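User: Please go through this model with me by question and answer, with the criteria stated for each term.

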Amino acid sequence: MKITAIKKYKGSSYEVTVDDEKKIYLHIDIIHDFHINTDTELDEEKMEEIIYLSNRRKAYQYSLYLLDYRDYSYRELFKKLLGVYKNEDLCFEVMDKLVRGGMINDRRYAENLARKYIEIKKFGINRARREMYNKGIMGEVAETALEPYSDCAEENISELLEKKYSRYLEDPNDKKNIDKVKSSLVRSGYGFDDINKAIDNYFEKRKDL
């Protein structure tokens with residue numbers, strides 16, 4: 001196979017024409033590393049190696065680009081890379097490099113997610129756990145991150161009742177609106193016992209106002 005043309009494509013990729021017909025896209029560093037230019041001749045095995053290494057380089061850069069915008073779990077980013085590059089070995093190699101460099105750290109990410117979901121979004125443990133699962137964080141890593149918030153339900157629900165649901169809780173006999181609030185809190189991940197207790201306390205406090 002003979003390289004018959006090389007031209008810039010986009011970013012760090014170049015369009016390389018093989019035998020005047022087949023086009024492949026290589027990272028500029030790989031072109032330099034393998035001294036590829038027009039008239040370079042390569043056998044099939046060497047071409048496969050070059051394409052693999054180029055894709056690995058591009059996958060790593062793509063990962064860094066994604067991580068510039070937000071954190072990812074190992075599972076989440078691996079799935080995203082696999083969807084683009086369709087090669088498990090390549091994706092595992094890229095992920096291992098990211099882990100070694102500290103750019104992927106599931107425990108750190110889990111702690112940040114738990115803080116975001118419980119302290120900021122005021123989700124209950126159950127909802128936070130589901131959201132973390134959707135981000136690729138599960139099992140012991142998720143439970144360890146959520147453990148410091150195991151006693152936050154009462155405080156969080158009370159805050160939600162005051163700031164978000166007070167307009168629905170003007171009448172302790174208004175079952176329709178109270179049930180609406182309860183359903184919303186269940187969707188936010190809170191248990192019925194905690195919800196009922198918090199609502200009872202809410203109306204009890206209102207008696208003294």
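The exchange below covers the sheet, a helix packed on it, aromatic pairs, charges over rings, and two loop residues.

Analyst: This is a predicted model, in which local features need pLDDT of at least 70 and side-chain atom pairs count only at pLDDT 80 or more, while totals for chains, interfaces and linings use all residues. Residues are numbered from 1 along each chain as its sequence is written, and side-chain values use heavy atoms, with hydrogens and water left out.

User: Which strands are the edge strands of the open sheet?

Analyst: Strands here are DSSP runs of E with at least two residues, and helices are runs of H or I with at least four, numbered from the N terminus. Two strands pair if DSSP finds at least two bridges between them. The three strands follow the order β1-β2-β3 with antiparallel pairing. Pairing on one side only marks the edge strands, β1 and β3.

User: Over how many bridges do β2 and β3 pair?

Analyst: Within this pairing, Ser13 stands opposite His27 in β3. Strand β2 covers residues 13-18, and its antiparallel pairing with β3 runs over six bridges.

User: What angle does the direction of helix α2 make with that of β3?

Analyst: Axes are lines fitted to C-alpha atoms, for helices over the stretch in contact, and angles run from 0 to 180 degrees between N-to-C directions. Contact means heavy atoms within 4.5 Å. Helix α2 (residues 44-67) packs on the sheet and touches β1, β2 and β3, and its direction relative to β3 is about 50°.

User: How far apart are the end C-alpha atoms of α2?

Analyst: The expected span of a helix is 1.5 Å times one less than its number of residues. For the 24 residues of α2 this gives 34 Å, which agrees with the end C-alpha separation of 35 Å.

User: Against which elements do the buried residues of α2 pack?

Analyst: Buried means under 20% relative accessible area, exposed over 50%, and partly exposed in between (1.4 Å probe, protein chains only). The buried residues of α2 include Met47, Ile50, Leu53 and Leu67. Their packing partners are β1, β2, β3, α1 (28-33), α3 (74-85) and α4 (88-100).

User: Why is the pair of Tyr9 and Tyr25 tilted?

Analyst: Rings of Phe, Tyr and Trp (its six-membered ring) pair if their centres lie within 6.5 Å; planes under 30 degrees apart count as stacked, over 60 as edge-to-face and the rest as tilted. The structure holds six aromatic pairs. The Tyr9 and Tyr25 ring centres are 4.6 Å apart, and the pair is tilted because the planes stand at 50°.

User: Is Tyr117, a partner of Phe123, buried or exposed?

Analyst: The rings of Tyr117 and Phe123 have centres 5.8 Å apart and planes at 20°, so the pair is stacked. Phe123 has 12% relative accessibility and counts as buried. With a relative accessibility of 3%, Tyr117 is buried.

User: Which ring has Arg206 over its face?

Analyst: A charge sits over a ring if NZ of Lys or CZ of Arg is within 6 Å of the ring centre and within 35 degrees of the ring normal. Arg70 meets this over Tyr72, at 3.9 Å from the ring centre. Arg206 lies 4.1 Å from the ring centre of Tyr202.

User: Where is Lys122 found?

Analyst: Phi of Lys122 is near 60°, a positive value in a residue other than glycine. Lys122 is buried, with a relative accessible area of 16%. Its place is the loop between α5 (106-120) and α6 (125-134).

User: What is the relative accessible area of Lys86?

Analyst: Lys86, in the loop between α3 and α4, has a positive phi near 55°. Lys86 counts as exposed, with a relative accessible area of 64%.
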